[in-house]
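Work through the exercises below with the sequence and the structure side by side, and try each task before reading its solution.

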Amino acid sequence: MSDSLLEFRKVSVDYAGRGGTVSAVTDVSLTLIEGETFGLVGESGCGKTTLSMALMGLLPDIASVRGRILFNGSDLTTMTESQLRELRGDRISMVFQDPATSLDPTFGIGSQVADTIRAHGDVSRKQAKDRALGLLAEVGIPAAAERYADPPHRLSGGMRQRVVLAAAIANNPALLLADEPTTALDVTIQAQILDLLADLQRRHGTTILLIAHDLGVVAQICDRVGVMYAGQLVEVAPVAELFARPRHPYTRALFDALPSGSHQAGALRVIAGQVPDLAHAPTGCRFKDRCPSRLAECDETPPLAMSDSGASIACWLDPATRAAGGLGPLAIAGESNG
Amino acid sequence: MAEPTGGRPLLQVEGVVKRFPIRRGVLRGAGAVHAVEGVDLAVGRGEVVSLVGESGSGKSTLGKCITGMIRPTAGRIHFDGVEVSGSSRGARGNFRRRVQPVFQDPRSSLDPRWAIERTIREPLDAFRIGNKAARAARVRELMDLVGLPAHLSQRKPSELSGGQQQRVAIAAALALEPDLLVADEPVSALDVSVQAQILNLLADLRQRLGLALLFIAHDLSVIEHISDRVAVMYLGRIVESGTVSEVFTDPRHPYTRALIDAIPRPDPTQRMSRTRLIGEIPSPVNPPSGCRFHPRCPVAIGVCSQDDPQQTTFSSQHRAACHVAAAQTASLSELPHERAWL
């Protein structure tokens, strides 16, 4: 087993709002291994972006974080703002959905990449420019030297996202956080950017945390996947295992709701009910009210426990969860998750 | 585009062109955005036809021409046999009732200050249909039809989920009993589980009301699920059209092929290793000569940069505008081996 680069230990994030406290992330524990591409998936409001903002120290003031987030062994939650600034753009970098928000509209694309290099390293302007040109070429900006001074609006969305990626890898980060990096792009451009991400990962060995809602994107480039629902991490598994045998009832329901691609397939399966209001989150498993296999014990929070297959799920139907939670095997031989 | 089977189509689009003159910037007065360039399309009663393409393909502009939100620069649009593209206000008024749009983002298409009951009632008020009691009854009926519980009727859009908001937008679109809904990306702002509910609702409405649907989308798996026929657009042109199984299992145009190949499949055992389409969609201000796809085409031949390809017919429904596909149909053996995949 390789080394862990990033570890979330029982991380919870609450937002203090007028309507009460919203528990956006609850007790998430998760370890990212050096060099892997880890996908975090879930629908709107599941907490995947809140968790990543907690990691970057970029949550708004109304948020409070509990638990520990260890990056190379140091706790990010106790770092000062200046320590975090040192890390961001250097050891940890970010790519967001909309490249327009990551780039300054008034400066040339090349100098923005060069600025990132100079902000974290003692290099001359000339050296930074040369390196920026190399990076722009590496991410596939054609005629990078001629476009160096172009402002972002002269570039298409796909090209802008390439520039953002060039800046993100400029200082050889250990961790790249990519939050919906291809969601705003057309499908043929998305395919190009996913290729580029996979390629950069291979060449630099960067660990990638990919936040996505599109299961197709996750299937294409991730090594392992975590599934979140209503602030809880409900399943973590190697990508092949997750797509071959989704185990948590929510993960299964999510896969069932995908249009299969075989046309005239009849009605899609839907998940009954709605995501709970996280200002009044139910106790225990937050999927219980929509779950077709609800048990009495679902009022208690099921622990995420690893089974023999390498997949971990947080569900009282699962033998590993039951063992971890000190419960005996299920009395009725019903629909098991094995 | 191929005709729907049997009878006169509900909607018939012929040679529609839409150009937007450039009024600002350095190109002011010098040209136009060629958004839609000579499109033929038909939708039969109760049929679901999808328009697919990337940003800049002209699919939304074509949808707006069809709903009468903008006027085409050239070409004709017939609805139920009556020309509506340049006709009298009377004919257009009737047509407007029978064709209704549904948009991508219900938050921006619903009035945030209005209770949803008022939003759904508004078309009935505007066309002075029925008295107050009849309109109220019709609103209840519409809410029931789209699966909105009656107790939500006084809620504002902000108090509803995205899926419920889209149901409100659909209920309002159905108020005047249209024959055709033109739905522009109606599920792309929704989560997967909510998307499934709305797709089921649209399929159900088609079944129960005999509603025809022109579905404009970029998500091919959604299109494959819901459509009878598909038209693929690229830079203002329909490059391929046919039944959903023809287009998806036997695509003839290299762009269609590339589009299908670019879908990230939710299957890690089928990772994308296929040919990538290089480059990006060119500017519609100055589209490429000949076949508009030729600068990005993996199989382009000499003629592609010179001559605009005509539609080649492969079956009663299936057509594509591609020189290579046409040549292959004419004579399989003359083509180089690497083009055999077409």
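**Exercise 1: An open pocket**

Task: which residues lie nearest the centre of the second largest pocket, and how does its lining divide by class?

Solution: In this predicted model, the second largest pocket has a lining of 32 residues, and those nearest its centre are A:Gln274, A:Val275, B:Leu160, B:Ser161 and B:Gly162. The next step is to look at the space itself, which comes to about 920 Å³. Turning to the helices of chain B, we find that α3 (106-109), α6 (162-174) and α7 (192-209) each supply at least two residues of this lining, and that α6(B) gives the largest share, with 5 residues. Sorted by class, the lining has 13 nonpolar, 12 polar and 7 charged residues.

**Exercise 2: Enclosed cavities**

Task: find how many cavities of 30 Å³ or more the whole structure holds, and describe the linings of the largest and the second largest.

Solution: Rolling a probe the size of a water molecule over the atoms shows where empty space is left. A search of the whole structure gives 7 cavities of 30 Å³ or more. The largest cavity holds about 90 Å³ of space, and among the 14 residues that line it, A:Pro249, A:Cys285, A:Cys291, A:Cys298 and A:Cys315 are the closest to its centre. Its lining is made up of 10 nonpolar, 2 polar and 2 charged residues. The second largest cavity holds about 60 Å³, and its lining includes B:His253, B:Cys291, B:Phe293 and B:His323. By class, this second lining has 10 nonpolar and 2 polar residues, with no charged residues.

**Exercise 3: A sheet in chain A**

Task: what is the strand order of the open sheet of 8 strands in chain A, and which strands are at its edges?

Solution: Strands of a sheet pair through backbone hydrogen bonds, either parallel or antiparallel. Here the order is β6-β7-β8-β3-β9-β10-β12-β11 (chain A), and the pairing is mixed. The edge strands are β6 (92-95) and β11 (305-306) of chain A, each of which pairs on one side only. Following β6(A) inward, we see that it pairs with β7 (residues 175-179) of chain A in the parallel sense over 4 bridges, and that A:Met94 has A:Leu177 in β7(A) as its bridge partner. Finally, helix α11 (residues 249-256) of chain A lies across β9 (224-229) and β10 (232-238) of chain A, running at about 100° to β9(A).

**Exercise 4: One loop residue**

Task: is B:Asp228 buried, partly exposed or exposed?

Solution: B:Asp228 is found in the loop between α8 (220-226) and β9 (229-234) of chain B. Because its relative accessibility is 22%, B:Asp228 counts as partly exposed.

Note on methods:
Residues are numbered from 1 along each chain as its sequence is written. Chains are lettered from A and ligands numbered from 1 in the order in which they are written. This is a predicted model: local features need pLDDT of at least 70, side-chain atom pairs count only at pLDDT 80 or more; totals for chains, interfaces and linings use all residues. Side-chain values use heavy atoms; hydrogens and water are left out. On a 1 Å grid over the protein atoms alone, a cavity is a set of points where a 1.4 Å probe fits but cannot get out, and a pocket is an open set with protein on both sides within 12 Å along at least five of seven lines; lining residues have an atom within 4 Å of a point. Grid points are joined across faces, edges and corners, and a volume is the space filled by probe spheres set on the points. Ala, Val, Leu, Ile, Met, Phe, Trp, Tyr, Cys and Pro count as nonpolar, Asp, Glu, Lys and Arg as charged, and the others, Gly among them, as polar. Two strands pair if DSSP finds at least two bridges between them. Contact means heavy atoms within 4.5 Å. Axes are lines fitted to C-alpha atoms, for helices over the stretch in contact, and angles run from 0 to 180 degrees between N-to-C directions. Buried means under 20% relative accessible area, exposed over 50%, partly exposed in between (1.4 Å probe, protein chains only).
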